[in-house]
Each structure stands twice: as C-alpha cells, then as structure tokens.
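I opened this notebook to record what I looked up, beginning with strand pairing and then turning to confidence.

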Amino acid sequence: MGIETNGRTMGSDCLAFYLSLLMLFGTQASAQIRYSVPEEVKQGTVVGNVAKDLGLDIATLTDRRFRVVSGSKEAIFEVNQNNGALYVHSHIDREELCQGSGTCLMELKILVENPLEIHYVIVEITDVNDHAPIFPEKEQSFEIAEHTLPGRRFQLETARDPDAGVNSIRTYTLTSNEHFEVDIRQSDEEKIPFLVLKKSLDREQKDKHTLLLTAVDGGKPQRSGTLNVTIIVLDTNDNRPMFSQEVYQIEIQENVPPNTLVLKINASDPDEGSNGEVIYSFGKSLRRKGNNIFELDKSTGEIRVKGLVDFEENDVHKLDIEASDKASPPLTGECRVIIKIKDINDNPPEIEVTSLSNTVPEDSKPGTIVSLLSVSDKDSGVNGKIILQISNNVPFELKPSYKENTYSVVTKGTLDREQVSHYEITIKATDCGDPPLSTFKTLSIQISDVNDNSPHFEQNPLHFYLVENNVAGEAIFSVRATDNDVSENAAITYHIVREGSQNDVTSFLNVNSENGHITALKSFDFETVKTFQFHVVASDSGSPQLSSNVTVNVFILDQNDNAPVILYPLSSNGSAEGVEEIPRNANAGQVVTKVRAYDADIGYNGWLLFSLHEVTEHSLFALDRYTGQIRTLRSFTETDEAEHKLLILVKDNGNVSLSATATVIVKVVEPKEAFAASDVKSATNHDEESNVTFYLMITLASVSALFIISIIVLIAMQCSKSTDYTSKYLQETNYDGTLCHSIQYRSGDKRYMLVGPRMSIGSTIVPGSHANTLVLPDRRRPSTEGSQNDVTSFLNVNSENGHITALKSFDFETVKTFQFHVVASDSGSPQLSSNVTVNVFILDQNDNAPVILYPLSSNGSAEGVEEIPRNANAGQVVTKVRAYDADIGYNGWLLFSLQEVTEHSLFALDRYTGQIRTLRSFTETDEAEHKLLILVKDNGNVSLSATATVIVKVVEPKEAFAASDVKSATNHDEESNVTFYLMITLASVSALFIISIIVLIAMQCSKSTDYTSKYLQETNYDGTLCHSIQYRSGDKRYMLVGPRMSIGSTIVPGSHANTLVLPDRRRASTEVRAYET
C-alpha cells in the first residue's frame, strides 16, 4: 500500500483498533504500552524503558533474547538488552511514514523467550515543523478581461506542506493592492486560495498586475512559501463556460484496464465563435498521482483510465476540472469529479513467521508451542478477513491469540520419532473474497529423539545347537537386538545374567558387549551337559537406560567320542575276559553266553554291533550281531578241542566307528563236570534269580489289575455320563504351571468353563462339585434397538439445545464403545429432518483390583500348597502364581513381588510372570515347610493389589531301583526263559492296556448325543491360563481352562469359581458389548 494508505491504517484505524481491544479484552488489551516521540530525533534517543513497564526482569533479558520483531522492513526502534530501554535506531521522518494530518502510530512486537511471550507497544510519532509550504509552480498567470465585475474569483495554485496538524498550512496572504484580494476556501483537509477581483480593471490604465501570494504554516517558528501571480488584462469576454453540475460522483472497480471510460463531463458557453468554444483541463489543485492515473480529453471532456487504479493505494480520487472558452481573454468554469474506487480481492494474505522452533522433542506434551505466526491482507472488508488453517494431516494445530490475526502453532497429540521423524507443516491462509485468494507457508519441523524404546530381540527365546567338543575360546553363536531410537539411544551393549552359583554354566560363557558374539571358555561334553539355558540383557546408552533380555536355550549335539564299554565278560583285574563252560553233549543252538556292552553316545553313535573277530573253530559258534549272544552251531564231537578262544569285536555306528574287544574262553567239559559246575553256580545265584522272577510276576499282576480296574472305571463313567451335554476332552501335556487343562461347555443361554487345578497322579475330581466354574459372556445374540440392554435407554437429549445427558454411570469393562443416532427436525410443514451418528468411546480407569486365579483353595481363598523334593537343584520351578486384571493398558499390567517369605535365600519370584523358583539346593537344616506371601499389584496411577499365599513343603525323593543285573552272565536256560516270558507277557498286557484306553477314548469322542460337542480352538491367549478345551451343548459354549486364561474372561464369585462363558461369534455382533460384570 502507498504512504497515504499506510498513514491512515497506522493512524486512525490503529487507534480505533486499540480502543476496541481495550473495550473487548479489558486487562489483556490494557497490557499494551504507548509511547510518544517526535520525528527527526537523534539516533539512540531513549523512548522509554519497555522492560520495566512490562514488568520483566532486566537481569534475564539477554538470556530470554529480548528483542523487537520488525519483519522484513528496516527496524526504526530497537531495545537495549542490558537495561530494557526502547531507543531510536534509525532516522524518523513522520511524513515518510504517515502522510496526512491524522495520528501517526507504529505498533512494535516485543518478543521474549523461555517462556515465549509477545508484547505489543504503540509508539506515536509527533510532528515537528520541518517543512515549509511549497507551491508546485513558481509563477502563475491570469488573463482577465477588462470590465470584469468585482467579485470574480480565480483559483490560485495550492501550496503543499507535508507537516500535519498546526504545522500544516494555516493561511494565504497577498501583497496589498487595490484590485485584488485573496479568499481561502476550506475543502476537506486542505485550504484552496482564490484570487478575488474587488475592483474592476481598466486595461487602458494598467494592462498587467504582478502580485506575490504567500502561504504560511502554523508552526513555531512559522515557515512560508511564495508564488508570483501575474494578471494580464484582456478585452471583454463576458460569459464563462458552465458545467451541468458542480460536483460529479462515480464509483469504479480497482484494476480496471487502461483507456476505460470513467465519465464524460460537459460545460456550455453561450458566447459565439471562439468565445463559446470550450476546452477542458485539470485544475491546478490536482495531485500529480491523480494526473498519472487519469487522463482528460480536452475537446470531448471524457475522463479515461491512464494508469493503475489500486484501492490499497488510494480509495478516492478528487479531480478539479476547468472548462475554458477560446476567447481572449478566456473565461473558465470549474467542477469537481469525485471517483470512488471499489475494492476487489486482488491481494492474497501474507503470513509472517514471528518465531520458529525447528526441533521439537518427541516427548513434548500436547499444547507445546512450536511457532508464532501473524497474518495480514491489504484488502479491506470481507476481502481482508482471513481464515488460517493447517492443510496437511500433522499432529499440530493452530491456536488463536487474543490479538486478531495472531496465532501459535502447537502440538495436538503425542509425537513418535520412530514413526515420523520430520514434519512439513503446510499453513494455508485464505481470505473471504470472491474468488478467495490463498497463501501457503511451509514450516519444517524436525522431531528429536528421546530414549523411549527398549532394545528388541526379534525372537525370544532363542534356540542354538552346538556340537560337543567345541574349541574353547571361539565364538559359538551370536545374539542381536535392535533399537528403534537413534544415536546414543540406539547404541546397544550386551551382557550375560550370571546367577553366581558355582555350577552356573554362564561362568564358562562370555559375550562381546558390542556385537553380541558369545564365546565358550570351555569345551562342552554332550554326555555331561545336554542342554542349558542362560539370559542375555541388551541395554541401550540412553538416559534413562532401557534394556530387555532374551532367553537362550543351547542344545548340545552328540559326536561319536565314546568307545563301547564291555560290561560282560569282565575279569577281576578289569579286563574284558571271561571263561564259560559248556557240556560236550550240548545240542546245536545252545546258548553259551551273552556279551554285554554299552556306549555313552546316543543314536547311531551309540548303536552297537557285535562280530566274531577271531575264533578257533568257525563252524562251532555263532554270534548274534545285535544282541551279542553266543550259541553253538552244531553238537560237539570227540575230535573237537576242549578249549576254544573267541575274540568278539564290539563297535558303534558313528561316521568314524569306535570299538572294543572282549575275549571269551569256552571250555568243553564232560556232562558230569558241567552239572557239578552248574550246581555250584546255581547255589550262588539261585536267590537273586528267584527274586527277579518274583518281582516280574508281581509287576505283571499289578499291571493286569490296573488294566481291569481302568476298564471298569471308564465303562462306568461312560454309562453314568449325563446326556444334558456332551464334552470332548483334548489331552494337553505341555503345561508348566498350576492348572492342567479345561473343558468348555454350553447349557441354556450360558457358557461354562471347568477349570482343573494341578493334581497329583492318581487324584480324582469329585463329580458334582461346582468349585471350579467360570461364566463367560455369550456374544452370539444380536442386539435389537428396542431391547432392554439398548444403551439409548440410559441417554436423554435436551430437545432445545441438543445437550445429551447420561442417566447412569458407564463402566469401561462393561461397555467400551457405543453408538446412537440423533435426529434434528424443524417445525415447518412438511417437517424436514436429518440425523447424525454419535460414536462414544469409554476411557478406562483403574477401578478393578487384580484377581488371583492360582493358587485357589476350595473355600475360594488365594492359598495353595506345593510339594518339592529335597534334592531339587537350584532353578527348579516350584509353581506359578496366576492372576488377571479386568482393566487394560498400564491399569491391567500386573507385577508380582514377595511380600513375606520365611527364607529369602531359598526362593525367587519373577516379577513379570509370577513364576517361583529355587535359588539354591535344599540342605538338611532347611525347614520342611515354607510360607510365601505374594503381592500382585497393577500399574495404575493409584495401584490396586491382591495377595496369594503359597505353602511349599519339602518332601523326600522317591528312589527307583533297577530290575536287571548286568553282571549275571551264568543264568540257567530254563530260568532265563521264565524271566523272558514274564517280560513278554508284561509288555503285552501293558500294550493291550494302552490300546484299550485309546479305543475307549476314541469311542468317547465319537459318541453321538443330543448335544453335539463343538471344539473351538483358543490359541490367542497372552497371560494367565495356558490352554483350554471348548465344546458346545445346546445353544451354549463351554471352556475347560488350563494353566493360562485369556485376559477378558471373568471369574464370577460364587460356586462356579473356574467356569468361563465364552463369546459365541456365530451371531451378529452388537454395538454395545459386555465383557465383564
């Protein structure tokens, strides 16, 4: 905009805007400070102490970057950060800043940071009389006919004085004479001098008059300017041109193209000839800018556009038009043409970034100020109204300031650098013109990292396979974790968790803290350690430091590094030699002896083959290559030698076979000697062999009895089973905690879950007991809008203002979200209406305490007894406390801690899983019973908790005894056959028992009843119960819950402590879902 418009905007408009702010905002608007300073003062002149007036601490001005924000123009004022003074920085010329007589105001933006504040200071520039009036021309001439009547007026040149107020032009004076005087006409903001004829002229007496016109301002001291006025007296032309009207008014739009016709004026002269011919010209008072914008056809009186018509430069143009005849002297007539400019929307809004923080931490809270903006539009009215918005989808928003067209860019949500590290915020400013014009401004914001991500292992646990006899000191495998943070926050170091015990395998492992390579400091032996487990912790370098761990399971693979060991024959000196006697009348196929051996390796590496390496008579003896049994191939003859030496080679089946040899000396004796020797050996081994046979018979009888009892029990259960529902049990053996399995079933419109706590072998669940029943919600039923559970029955809307009231308190665990429709109707005829869908999301509060699932006694209290053998090693799992919380997020995240324990050095509790392990082995001095009180609490702002009591009883281990004697190589054939037959019979009965059980289970599963069981596999659990079996009965579904139960299931207090009602997904889902009561 031009200087004139600037003056008007910064003058009267700013004053009006300031006063309106004062009335509207009260205290906020009164916070603006106003100073006054005259123009032309020296640079460095102090205007006022703005810091003191604003109440700012002068000592912090430098740190808070106390400054004046001037935009793109040169700063006229600056502030001193040492004392807070506002001083003049550059030359002040009021006439350059604000032209006109109005108040000249400058608005300054004072900015301080930490915290970010902006203050507005208004400085009034007062005028001094530094300009003298100036006429546009040095001389002006008039031709006046003689006998012109007194009172005739002639317009003189108008002087210009840039000063304002009292310093502007006050009056005009004319040199004293008898014919002329000066008359001043006040027109708008200026004074126009007219030369008035007070006495008729007489050309014969004097044909030329020279006068001096002086323009004087009102300043002190006064300044003046002069104009030489020459009057030439002409002959009489007594009629001057006359315009049809004295003032013409017209309105045109800005930016009209050149040569556009604005107005055609007309003046008439009743004289004839050249005295009546009229020519048009602009008056002397026309400003030069107006002369550059419009042109006047001197013959036709048409006013056309010559230059650029800009409303923002000048909204009104006043043209003084003179009409002169061609007489000598000519007569003139005057009129004024007022051209009003109509604004169009030709200026887009301007966006100024006052302050910008290029980097924002990702943990910034919502509402953090990122940047300060101000917008402006040179257009006026509706065209100057601005709508500011962020055009792209970013987690930032605009907040308006109390001052119009001032905004701050703030965060509106949480930031996550790992998802988006850089934002380009596109700010769009649009005016309200037609058509609207827009301006875009892009702010580049970088999100700085904070340490909010723990290192992450892609797989947990990790499984590695290591061949035994590895080279000590070499890397055996490596672990690797990743961190989504950057720089130091993503620099990961590794270390192994060492338990500190003497037999801890981690003492032989080392991890490279930088790359995760794990080195074994010793060679592992499969026969000593087959598998081991340890934990590796990955920690980042951020502050605070975050870490995560991974469980590493290492499986040692066997190599063929053990040769076979001969068990029999074995001499007294330890060598593999033995002597066997056989009667000469032995038949073919007679068993001589059996070579026994074993190999510590497994698989093919431990599979032994026997072969005759050396023998004195190949036709006499045969060796079974798999069992090592030596038999005769034929009967002995008289010519056969009395002693035979057999060298047996025993080798394994490894890639590189290892072997051992045994020597058997077979002595052929006469039958009597053989019987005598047999009696001697029989006397020493009779009792032991009899015991073996006796034990086998007892075992066979026991297995047979167990088989018969099991058959009877299963048949009785099958026959007595209720036909109200049919359940099918799925065997689940892979459990690690307290509950072993579960069955779900349906009855009526409910679903149940039978929960089985861990039971010792042989224990039974008493039928008819309802101590383990949970009720689960059934989601199969579709909701109807008119049902009793319709959430709209608890809502009420004010029909006049639309305020919606809830008639009950909502529970997140019951209803997480619901939807309803509101209809708005008018009162016309016919009535028209529209509706809106309202989605309501319930936010969770920590209003549910943890519930203990295990241990759980028969009376419902959280108590349980666990038994552990006294010879249990360190790290032995005792039990696992299981609990759940109906809340979600942090409110449902449970932590376990040992509240009370009789021996702190004996037990450890995992705070995340609730698993209880032994820290060391038991000693003879340890008590036989230990009481552990476990506290389970959630992570809500106000934590809720529950406790469980576990009684750990230390019991003596049960010893197993071997039933075979590997050293008895001299058993009689008949007794060996009895033992062999008993073993075959025992194996057959056991196999028959297992087959019968399988057949009965298959019959049980395939049995058809009125209610067909339908199994629904539930695998998506994450916490407390480990597995379950679901089945259907009628229109219900049941679940028998194992050691873990999915979160969201509800335990209903009462008699059904372990029954879950599962959602039925076969029916249509409803808008309101009840997950718990």
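How many bridges join E48 to strand E49, and in which direction do the two run? Working in a predicted model, I found that nine bridges join E48 to E49 (residues 659-669) and that the two strands run antiparallel. For one pair of residues I noted that glutamate 643 has lysine 667 in E49 as its bridge partner.

I then looked at the pairing of E48 (residues 643-651) with strand E45 (residues 609-615), where six bridges join the strands, again in an antiparallel run. Here serine 611 stands opposite leucine 649 in E48.

Next I looked up an open sheet of three strands, whose order is E17-E21-E20 and whose pairing is antiparallel. Its edge strands are E17 (261-264) and E20 (294-296), each of which pairs on one side only. On average, and with direction ignored, neighbouring strands of this sheet are turned by 20° against each other. Between E20 and strand E21 (residues 302-305), which run antiparallel, I found three bridges, and arginine 304 in E21 is the bridge partner of glutamate 295.

Last, I checked confidence: the chain averages a pLDDT of 78, and 78% of the residues score at least 70. Confidence is highest in strand E64 (residues 929-937), with a mean of 94, and lowest in helix H2 (residues 27-30), with a mean of 36. Over residues 751-788 pLDDT stays under 50, although the model has 156 contacts beyond four places in sequence for them; over residues 1038-1077 pLDDT also stays under 50, with 216 such contacts beyond four places in sequence. I add the caution that predicted coordinates should not be read in detail where pLDDT is low.

How values were computed
Residues numbered from 1 in each chain as written. Predicted model: local features only at pLDDT ≥ 70, side-chain atom pairs only at ≥ 80, totals over all residues. Heavy atoms only, no water. pLDDT = per-residue confidence, 0-100. Helix = DSSP H or I, 4+ residues; strand = E, 2+ residues; numbered from the N terminus. Contact = heavy atoms within 4.5 Å. Pairing = 2+ DSSP bridges. Axes fitted to C-alpha atoms, helices over the stretch in contact; angles between N-to-C directions.
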